[in-house]
Amino acid sequence: MNLAATGQQVSARPEDSSERVFVCRSVSVALPHQLGDRKVLEDISLEVWRGEFFTIVGPSGTGKTTLLRVLAGLTQSTSGSVQIQGREINGPPEDVVMIFQDYSHALLQWRTVARNVGFGIEGRVDASELKQRVSDALALVGLEKNADDYPWQLSGGMQQRVQIARALALRPAVLLMDEPFAALDAMTKATLQDELHRVREQTGSSFVFVTHDIEEAVYLGDRIAVITGSPGRLGQTFDIDLPKPRDQIITRQLPEFLQFRYAVHQAIRQGGHA
Ligand SMILES: Nc1ncnc2c1ncn2[C@@H]1O[C@H](COP(=O)(O)OP(=O)(O)O)[C@@H](O)[C@H]1O
Ligand SMILES: [Mg+2]
């Protein structure tokens with residue numbers, strides 16, 4: 001466990017710059033507001049490395065969604081630099097996809113599961129590749145048997161899997177996830193957390209996963225960045241060197257897991273939030 005090194009990056013920081021998926025340097029964001037621009041993020045510097053599971057945890061209103069939108073090229077930073085694979089972000093990058101908490105609005109209710117999953121690649125790949133990619137993506141999230149169902153016939157957890165499968169069909173290098181499991185019950189959430197780790201193993205994609213759930217951030221993360229305050233600022237970064245594969249029962253009762261949970265909690269509290 002690397003608690004002693006909190007605040008520093010103790011994982012092997014990649015020497016090769018091509019191993020850095022995102023590099024943010026002193027990023028600030030102000031958004032228009034009735035009473036003038038409102039500063040939402042202040043001086044954010046971070047790196048996300050290839051293939052890692054990077055979690056960002058912080059209370060509501062600290063700019064987590066805004067930060068993901070900046071990485072997705074949907075919101076422009078006011079100052080500072082944001083690069084993806086060495087290029088300055090200027091609009092949504094090709095190989096990055098964002099997944100939202102609200103699956104019911106994200107899915108097209110009049111299309112079958114398979115046609116939802118294929119939605120982003122229709123017309124971009126030929127029919128046989130489309131079919132292959134849809135069936136691979138459905139298999140990754142365990143929905144092979146539901147290809148012909150409609151979203152409204154599925155549980156919340158299954159609908160969120162469809163949204164994830166649709167993202168995977170794009171074969172993205174990076175998945176940005178904005179509190180994707182917040183609306184799900186505890187058991188479904190646990191199952192989807194483990195599925196996500198499996199997907200990461202099988203695809204090698206990088207994940208940036210935002211949550212306000214400290215335990216979820218520790219359970220899933222290779223590294224955690226804490227964001228607090230308004231405007232949001234980055235606090236400590238933790239290397240979560242818990243053994244892999246993680247296990248819902250074994251991992252969560254390790255003393256190190258509890259220590260990380262405590263340390264992240266403290267970091268949020270020191271940042272001004274209980
Ligand atoms: N489009 C917008 N225009 C103006 N202010 C916004 C906009 N989106 C979010 N904000 C404000 O930015 C702050 C951070 O929002 P957000 O990024 O959604 O935080 P979080 O995801 O951590 O809850 C909040 O004060 C919110 O009201
Ligand atoms: Mg949010």
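Here are four short exercises, with worked solutions, on a predicted model of a protein.

**Exercise 1: Two domains**

Work out how the protein is divided and which helix gives the most to the side of domain 1 that touches domain 2.

*Solution.*
- Step 1: Start with the bounds. Domain 1 takes in 3–95 + 172–270, and domain 2 runs over 107–171.
- Step 2: Look at the spacing. Taken over C-alpha atoms, the centres of the two domains are 26 Å apart.
- Step 3: Now go to where they meet. Twelve residues of domain 1 are in contact with ten of domain 2.
- Step 4: Find the main contributor on the domain 1 side. That's helix α6 (residues 186–203), with seven residues.
- Step 5: Sort this side of domain 1 by class. You get seven nonpolar, four polar and one charged residues.

**Exercise 2: Around ligand 1**

List the residues around ligand 1 and find which element gives the most to this shell.

*Solution.*
- Step 1: Pick out the shell. The residues are L31, H33, R38, V40, S60, G61, T62, G63, K64, T65 and T66.
- Step 2: Match them to elements. β2 (38–49) and α1 (64–71) each supply at least two.
- Step 3: Choose the top contributor. α1 gives the most, with three residues.
- Step 4: Sort the shell by class. There are two nonpolar, seven polar and two charged residues.

**Exercise 3: The faces of α1**

Say which residues of α1 are buried and why they line one face of the helix.

*Solution.*
- Step 1: Find the buried ones. In α1 these are K64, L67, L68, V70 and L71.
- Step 2: Look down the helix axis. The buried residues of α1 fall within an arc of 155 degrees, so they line one face.
- Step 3: Peek just past the end of α1. There, G73 has a positive phi of about 75 degrees.

**Exercise 4: The two sides of α8**

Check the span of α8, then work out which of its residues are buried and which exposed ones sit on the face turned away from them.

*Solution.*
- Step 1: Check the span. α8 (residues 255–270) has 16 residues and reaches 22 Å from first C-alpha to last, close to the 22 Å expected at 1.5 Å a residue.
- Step 2: Find the buried residues of α8. They're F260, A263, V264, A267 and I268.
- Step 3: Place them around the axis. They cover an arc of only 140 degrees, which means they are on the same side of α8.
- Step 4: Flip to the face turned away from that buried side. Here you find the exposed residues P255, R269 and Q270.
- Step 5: Ask what covers the buried residues of α8. The cover includes β3 (53–57), α7 (214–220), β9 (223–228) and β10 (233–239).

Definitions and conventions. Residues are numbered from 1 along each chain as its sequence is written. Chains are lettered from A and ligands numbered from 1 in the order in which they are written. This is a predicted model: local features need pLDDT of at least 70, side-chain atom pairs count only at pLDDT 80 or more; totals for chains, interfaces and linings use all residues. Domain bounds come from an automatic or database domain assignment. Two residues are in contact if their C-beta atoms, placed from the backbone, lie within 7 Å. Helices (H or I, at least four residues) and strands (E, at least two) are DSSP runs, numbered from the N terminus. Ala, Val, Leu, Ile, Met, Phe, Trp, Tyr, Cys and Pro count as nonpolar, Asp, Glu, Lys and Arg as charged, and the others, Gly among them, as polar. A residue is near a molecule or strand if its C-beta atom, placed from the backbone, lies within 6 Å of it. The expected span of a helix is 1.5 Å times one less than its number of residues. A residue is buried if 20 or more other C-beta atoms lie within 10 Å of its own, exposed if 12 or fewer, and partly exposed in between; C-beta atoms are placed from the backbone. The arc is that of the directions from the helix axis to the C-beta atoms.
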